[in-house]
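Student: I'd like to learn how to read a protein model from scratch. Could we go through one together?

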Amino acid sequence: TRYQASNPQFDDHHVAWYNDRQKDTLLTGWVTAPPDARDTYTNLRVQATAIDTGEGDRKVDGLVLVRLQGEATYQYGEVIRLRGQLVTPPEGDEFSYRDYLARQGIHSTMSYAKVTRLPFPRVGRLYLRLIYDLKEKALDTVYRIFPDPEASLLGGILLGVDTGMSAQVQQAFRDTGTAHIIAISGFNITILAGFFMTISRHLFKGRYYFLAAVVGIAIYTVLVGAEPPVVRAAFMGGLGILAHQLGRRQFSLNSLAFIAGVMCLWNPFMPWD
C-alpha cells in the first residue's frame, strides 16, 4: 500500500506529463537542495510549481533534475524560472538512469537550461535554509584556511562535499582502499556521537542531556546531504545513544532491521537502492 501510494499520477498537473515534447518549456520552481557541482556542469534539483502551457501558467508538481553548464551558485529555496526541454531520463541495458532517479522522486530532466532568478523571497523550510547556509559558510571557511587538496579532503570528510577533489586524488583513495575515509558513514557518526555526548553532558543538566546529542546528529545528517547510508548511520548512532542512556546493550542486527524497516516505510523504493 505504501509503495502504491508513492507512485505519482502522471496527469497534466505533474511536470513529467510534459516530457519529450521536442520544444522548449518555460518552467517555474524552487531549488530543493544545494547545487551538485561537477567538473564541467552542475546538477540542480528543482521543485516545479508552474509551467507555461501557452495559455498561461498551470500549477504542476514534481521534481526536475536540471543540468547547467559550468559552476552555478544557487541557494536552497531560491525561486527560479527555467527554459529548456523536459526529457524522460534514459534507460540503458546495464544501468537504468530512469529507475535511479525515480527512486528519488525525479521523473524529468532538463539539460543546459537557461535560468532566470525571480525576485521572490526564498521558500522551503526555515531550518533547512539555516542548515544549508551554515554548510556553505563552513565550506567557504575551509577553503580560506587550507590549500588544495587538503581543503577538498577536509570538505569531503567533514561536510560530505567531495566534488572539489581532483579525479587523480579520488582514484588514489580507491586504489589504496581508503575511499571510505571521504565518505560520510558510521565512522563519522560514531565520532560525532561521542563528541556530542561529551559536550551535552557538560552543557545540559538532568537525565535528558542525550537528546541534545541526538539533535546534533540529526542536524549533521541534514548538513551533509542525508543520503541513505548517512541516514542509516545516524539512526544507528541515535539508537546506540538511547541504549547507553537506558543501560542496555545495542544488538546491531535488530537495530539494523528496525532502521531498514523505518527507512523503507519513509521511502518504499529503498530496497532497490
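**Reading the model step by step**

Tutor: Happy to, and let's begin with a single residue: with a relative accessible area of 22%, Asp133 is partly exposed. Keep in mind that this is a predicted model.

Student: Why does Asp133 count as partly exposed?

Tutor: The label depends on cut-offs: buried is under 20% relative accessible area and exposed is over 50%, with partly exposed in between. Asp133 has 22%, so it gets the middle label.

Student: Which residue does Asp133 form a salt bridge with?

Tutor: Its partner is Arg122, and the closest N and O atoms of the two are 3.4 Å apart. The pair links distant parts of the chain, since Arg122 sits in the loop between β9 and α3 while Asp133 is in helix α3, 11 residues apart. Arg122 is partly exposed too, with a relative accessible area of 26%.

Student: How many salt bridges does the structure hold?

Tutor: Six. One of them joins the side chains of Asp12 and Arg58, at 3.4 Å from N to O. Here Asp12 belongs to the loop between α1 and β1, and Arg58 to strand β4, 46 residues apart. Both ends are partly exposed: Asp12 has a relative accessible area of 27%, and Arg58 has 31%.

Student: What does Arg81 form a salt bridge with?

Tutor: With Asp57, where the closest N and O atoms are 3.7 Å apart. Arg81 lies in strand β6 and Asp57 in strand β4, so this pair ties together parts that are 24 residues apart in sequence. Arg81 counts as partly exposed, at 27% relative accessibility.

Student: Let's move on to strands. Which strands does β1 pair with?

Tutor: A good habit is to look for the partner and the sense of the pairing. Strand β1, residues 25–31, pairs with β6 in the antiparallel sense over six bridges. β1 also pairs with β3, residues 41–52, again in the antiparallel sense, over five bridges. You can find single positions as well: Thr28 stands opposite Arg81 in β6, and Gly29 stands opposite Ala48 in β3.

Student: So Arg81 turns up twice! Is β1 mostly covered or uncovered?

Tutor: Mostly covered, as seven of its seven residues are buried. As for side chains, in a regular strand they alternate between the two faces of the sheet.

Student: Now helices. How far does α3 reach?

Tutor: For a helix, compare the end-to-end reach with what the residue count predicts. Helix α3, residues 126–145, has 20 residues and reaches 29 Å from its first C-alpha to its last, close to the 28 Å expected at 1.5 Å a residue.

Student: Which residues of α3 are buried, and what covers them?

Tutor: The buried ones are Leu128, Arg129, Ile131, Tyr132, Lys135 and Val142. Their cover includes α4 and α7.

Student: You mentioned α4. Is Glu150, which is found in that helix, buried or partly exposed?

Tutor: Glu150 counts as partly exposed, at 45% relative accessibility. You can also check distances through space: the C-alpha atoms of Glu150 and Met165 are separated by 9.0 Å, with the two residues 15 apart along the chain.

Student: What about the inside? Which residues touch the most other members of the largest nonpolar core?

Tutor: The general idea is that nonpolar side chains tend to be buried together in soluble globular proteins. In this model the largest nonpolar core has 26 residues, and Met197, Ile217, Tyr220 and Ile241 touch the most other members. The elements that give two or more residues to this core are α3, α6, α7 and α8. Among these, α7 gives the most, with six residues.

Student: What is Met197 in contact with?

Tutor: Leaving aside its neighbours within four places in sequence, Met197 is in contact with Tyr209, Phe210, Ala213, Ile241 and His244. Apart from this core lies another, of 19 residues, including Val15, Val46, Ile51 and Val60.

Student: Let's zoom out. How many helices and strands does the chain have?

Tutor: Nine helices and nine strands. Of the 273 residues in the chain, 36% are buried. The C-alpha atoms fill a box of roughly 65 × 50 × 45 Å, taken along the principal axes.

Conventions:
Residues numbered from 1 in each chain as written. Predicted model: local features only at pLDDT ≥ 70, side-chain atom pairs only at ≥ 80, totals over all residues. Heavy atoms only, no water. Helix = DSSP H or I, 4+ residues; strand = E, 2+ residues; numbered from the N terminus. Expected span 1.5 Å × (residues − 1). Buried < 20%, exposed > 50% of the residue type's maximum accessible area, 1.4 Å probe, protein only. Contact = heavy atoms within 4.5 Å. Pairing = 2+ DSSP bridges. Core = buried A, V, L, I, M, F, W, Y, C linked by side-chain atoms within 4.5 Å. Salt bridge = Lys/Arg side-chain N within 4 Å of Asp/Glu carboxyl O.
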